[in-house]
Amino acid sequence: MPSNTFHAALPPLEALRNAWGWVALRGAFAVVFGLLALAMPGVTLALLVIAWGVYAFVDGVAALVAGFRMRENGSPLWSLVAVGLLGIGAGLVTFFWPGLTALTLVFIIGIWAIAIGVFQITAAVRLRKHIQGEWLHALSGLLSIVFGLAAVLQPGVGALALAWVIGWFAILFGALLLAMAWKLRSGRTA
């Protein structure tokens with residue numbers, strides 16, 4: 001008889017270990033995107049919009065695949081599936097409407113960052129009994145929420161400042177995901 005406790009429905013540890021590469025891929029894409037944003041802060045806002053759209057889309061695909069590979073009682077890990085769908089959606093909006101103003105882009109990025117932060121923390125809470133280092137996943141979610149709130153509350157930042165903020169956010173977020181992937185790969189469990 002299945003238990004109704006919160007942690008009883010978590011994905012098996014082996015499924016988590018098998019999906020470490022998708023977590024690492026998300027982290028690597030975030031770090032590369034962040035480094036590019038820092039290296040080329042003077043790029044036009046249109047290029048930044050497209051670059052961010054590619055990043056959001058690729059991150060969304062990787063999160064979606066990870067969500068379907070990390071199963072809980074035979075079902076996908078829906079918090080990561082939601083992160084994936086949000087990323088893919090944000091990327092597609094950016095591709096189809098690249099002429100959005102910088103202010104609108106700041107709001108889209110901010111709302112996206114807040115939403116994925118909530119889902120990252122949700123996933124970390126669900127993983128806490130099965131692996132060590134789940135705090136890295138939660139910390140990446142908290143970083144995402146703080147970044148999103150700053151973007152929504154202070155949308156008047158210039159394109160150059162936005163490139164630097166996004167760059168550092170992506171690097172820190174990616175580094176935390178890479179650390180989480182390393183813990184999963186090495187099999188360090190609670």
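Here is a walk through the aromatic rings of this predicted model. With ring centres within 6.5 Å taken as the cut-off for a pair, the count comes to seven aromatic pairs.

Let's start with Tyr-55 and Trp-112. Their rings meet edge-to-face, with 5.9 Å from centre to centre and 85 degrees between the planes. In sequence these two are 57 residues apart, so this contact links distant parts of the chain: Tyr-55 belongs to helix α3 (residues 45-69), while Trp-112 sits in helix α5 (residues 102-127). How buried are they? Tyr-55 has a relative accessible area of 4%, and because anything under 20% counts as buried, Tyr-55 qualifies. Trp-112 is buried too, at 4% relative accessibility.

The next pair to look at is Phe-147 with Phe-169. Here the planes are at 10 degrees and the ring centres are 4.4 Å apart, so this one is stacked. It's another link between distant parts of the chain, with 22 residues separating the two: Phe-147 comes from helix α6 (residues 134-153) and Phe-169 from helix α7 (residues 159-186). Both of these Phe residues are buried.

Now back to Tyr-55 and Trp-112, which have company. Together with Phe-33 and Trp-52, they form one aromatic cluster. If you're clicking through the structure, show those four side chains at once and you'll have the whole cluster on screen.

One last stop is a ring with a charge over it. At Trp-20, the charged end of Arg-185 sits over the ring, 5.4 Å from its centre.

Terms used. Residues numbered from 1 in each chain as written. Predicted model: local features only at pLDDT ≥ 70, side-chain atom pairs only at ≥ 80, totals over all residues. Heavy atoms only, no water. Phe/Tyr/Trp six-rings, centres within 6.5 Å; stacked < 30°, edge-to-face > 60°. Helix = DSSP H or I, 4+ residues; strand = E, 2+ residues; numbered from the N terminus. Buried < 20%, exposed > 50% of the residue type's maximum accessible area, 1.4 Å probe, protein only. Lys NZ or Arg CZ within 6 Å of the ring centre and 35° of its normal.
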